[in-house]
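Subject: Structure handover

Hi,

Here is the structure I promised to pass on. Have a look at it first, and my notes on what turned up are underneath.

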Amino acid sequence: MAGLNHDFLILPDVGDRRQQYQAHINDLDAITLHNDILGYFKDTLRWIPSENPANATDWCGRGLNWYGPTAISGDGARVASLVFEAWAEMFSIGPPNIVLTGYFSWTEGESPDSGSYDEIAIERSEIVSKCRAIAKLAVQATDPDRWLLHLGI
């Protein structure tokens, strides 16, 4: 899956997060997950307490900033580690080649009845590995001296 990816990195909690995250856009060390996979996870991602470091105010909320940065630390990091580890555990019992139901789509101007759900095909080992790696980063972000950076598409 190429294209619309989300990146996850662990960063030291030094200085202004608004300035710090910008240095890590397109970071080659990031763990990436495709937008379609995170869309599949979306409901459970809303359970994660988070912040938006690009926001000029002290915005705090839940979930991921789909089109920008998200800062996850403390309790949010604990929840994120559990969510991503749970997904990894669930996928680990799946078949070697996993096919998930994606977004519904149709051609503009045609009847919505002519549309269908996209298929998200991924190898079990890849999705389990990436979910576990993000869970490990989140565990590191429970340390007050670190935070998990998510960069949306």
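Let me start with helix α4. At 1.5 Å a residue, its 17 residues should span 24 Å, and the C-alpha atoms at its ends lie 25 Å apart, which agrees. Before you go further, bear in mind that this is a predicted model.

Staying with α4, the buried residues there are I127, V128, C131, I134, A135, L137 and A138. As a general point, an α-helix has 3.6 residues a turn, so residues three or four places apart point the same way. A133 also belongs to α4, but its relative accessible area is 23%, so A133 counts as partly exposed, the cut-off for buried being under 20%. In case you want a long-range distance to check your loading against, A133 and G39 are 94 residues apart in sequence and 18 Å apart in space, C-alpha to C-alpha.

Helix α4 (residues 124-140) holds a salt bridge as well. K130 and E126 meet through their side chains, at 3.7 Å from N to O. They sit four residues apart in the helix, which means a separation of about one helical turn. Both ends have some access to the outside: K130 is partly exposed at 23% relative accessible area, and E126 is partly exposed too, at 35%.

Now for the other salt bridges. The count for the model comes to seven, and two more of them seemed worth describing.

The one between R78 and D75 is built much like the pair above: the closest N and O atoms are 3.1 Å apart. R78 and D75 are three residues apart in helix α3 (residues 74-92), so about one helical turn separates them. R78 is partly exposed, with 41% relative accessibility, and D75 is partly exposed with 44%.

The other one is between E51 and R17, where the closest N and O atoms are 3.7 Å apart. This pair ties together distant parts of the chain, with E51 in strand β3 (residues 49-51) and R17 in helix α1 (residues 17-20), 34 residues apart. Is R17 buried or exposed? At 14% relative accessibility R17 counts as buried, whereas E51 is partly exposed at 30%.

One more thing on salt bridges, returning to K130 for a moment: its relative accessible area of 23% makes it partly exposed. Elsewhere, D13, R17 and E51 are joined into one network by salt bridges that share partners.

Last, the strands. Strand β8 (residues 146-151) is mostly covered, with five of its six residues buried. Which strands does β8 pair with? Strand β1 (residues 5-12) runs antiparallel to β8 and is joined to it by six bridges. Strand β5 (residues 69-72) also pairs with β8 in the antiparallel sense, over four bridges. If you want to find the register by eye, F8 stands opposite H150 in β8, and P69 stands opposite L151 in β8. It may help to remember that in a regular strand the side chains alternate between the two faces of the sheet.

That's it from me. Shout if anything in the file looks odd on your side.

Cheers

Technical notes
Residues are numbered from 1 along each chain as its sequence is written. This is a predicted model: local features need pLDDT of at least 70, side-chain atom pairs count only at pLDDT 80 or more; totals for chains, interfaces and linings use all residues. Side-chain values use heavy atoms; hydrogens and water are left out. Buried means under 20% relative accessible area, exposed over 50%, partly exposed in between (1.4 Å probe, protein chains only). Helices (H or I, at least four residues) and strands (E, at least two) are DSSP runs, numbered from the N terminus. Two strands pair if DSSP finds at least two bridges between them. A salt bridge is a side-chain nitrogen of Lys or Arg within 4 Å of a carboxyl oxygen of Asp or Glu. The expected span of a helix is 1.5 Å times one less than its number of residues.
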